[in-house]
Amino acid sequence: MSKSWQPYARHILDAIAKIRRIQMRGDIASDEVLYDAALRNLQTLSEATQLLPDDRKLAFPNIPWREISGFRNILVTLRGQVLRSKTTP
């Protein structure tokens, strides 16, 4: 039996709600804490989309699933580059 997809959908919806609340607190671009919080929730959202079954994604063809899922890879790559640049003199 396959794993239930509902918890992943809940993670996606929770992350969206958190990002909206973060946006209401101030300017994400100028506040490092808000920026990091939003980024973390975007990562959670994109990771959860990778775990949704294809039939669920096909039910919502207007959502750019591949781009959302691919965003996680960009985040991980960029975060690694930033961490390396901070440790390199």
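## Overall layout

Going along the sequence, the protein reads α-α-α-α, with four helices and zero strands in total. Helices here are DSSP runs of H or I with at least four residues, strands are E runs of at least two, and both are numbered from the N terminus. This is a predicted model, so a quick word on thresholds: local features need pLDDT of at least 70, side-chain atom pairs count only at pLDDT 80 or more, and totals for chains, interfaces and linings use all residues. Residues are numbered from 1 along each chain as its sequence is written, and side-chain values use heavy atoms, with hydrogens and water left out.

Of the 89 residues in the protein, 24% count as buried (buried is under 20% relative accessible area, exposed is over 50%, and partly exposed is in between, with a 1.4 Å probe and protein chains only). The accessible surface adds up to about 6,900 Å², and carbon and sulfur atoms own 58% of that. Those areas come from the Shrake-Rupley method with a 1.4 Å probe, and for residues only the protein chains shown count as cover. As for contacts (heavy atoms within 4.5 Å), take the ones between residues at least 6 apart in sequence: 45% of them join residues at least 24 apart.

## The second largest pocket

Now for some empty space. The second largest pocket has a volume of about 200 Å³. The search runs on a 1 Å grid over the protein atoms alone: a cavity is a set of points where a 1.4 Å probe fits but cannot get out, while a pocket is an open set with protein on both sides within 12 Å along at least five of seven lines, and lining residues have an atom within 4 Å of a point. Grid points are joined across faces, edges and corners, and the volume is the space filled by probe spheres set on the points.

The lining of this second largest pocket is made up of Trp5, Ala9, Ile12, Leu13, Ile16, Leu52, Arg56, Lys57, Phe60, Ile63, Trp65 and Ile68. Helix 1 (6-25), helix 3 (54-58) and helix 4 (65-87) are the elements that give two or more residues to it, and helix 1 has the largest share, with four residues. Chemically, the lining splits into 10 nonpolar residues, no polar ones and two charged ones. In that scheme, Ala, Val, Leu, Ile, Met, Phe, Trp, Tyr, Cys and Pro are nonpolar, Asp, Glu, Lys and Arg are charged, and the others, Gly among them, are polar.

## Lysine 57 and threonine 49

Lysine 57 is one of the lining residues of the second largest pocket, and its place is in helix 3. With a relative accessibility of 16%, lysine 57 counts as buried. Skip the residues up to four places away in sequence, and lysine 57 touches Thr49, Gln50, Leu52 and Trp65.

Threonine 49 sits in helix 2 (residues 32-51). How accessible is threonine 49? Its relative accessibility is 1%, so threonine 49 counts as buried. Leaving out neighbours within four places in sequence, threonine 49 is in contact with Ile12, Lys57, Trp65, Ile68 and Ser69.

## Salt bridges

How many salt bridges are there? The count comes to two, taking a salt bridge as a side-chain nitrogen of Lys or Arg within 4 Å of a carboxyl oxygen of Asp or Glu. One of them pairs the side chains of arginine 10 and aspartate 14, at 3.2 Å from N to O. Arginine 10 and aspartate 14 are four residues apart in helix 1, so about one helical turn separates them. Arginine 10 is partly exposed at 47% relative accessibility, and aspartate 14 is partly exposed at 32%.

Arginine 72 and glutamate 47 also meet through their side chains in a salt bridge, at 3.4 Å from N to O. Arginine 72 is in helix 4 and glutamate 47 in helix 2, so this pair ties together parts that are 25 residues apart in sequence. Arginine 72 is partly exposed at 23% relative accessibility, as is glutamate 47 at 27%.

## Helix 1 across to later residues

Two residues of helix 1 give C-alpha distances worth pulling up in your viewer. Aspartate 14, in helix 1, is 31 residues from leucine 45 in sequence, and their C-alpha atoms are 8.5 Å apart. Isoleucine 16 also lies in helix 1 and is partly exposed, with a relative accessible area of 29%. Isoleucine 16 and threonine 44 are 28 residues apart in sequence, with 9.7 Å from C-alpha to C-alpha.
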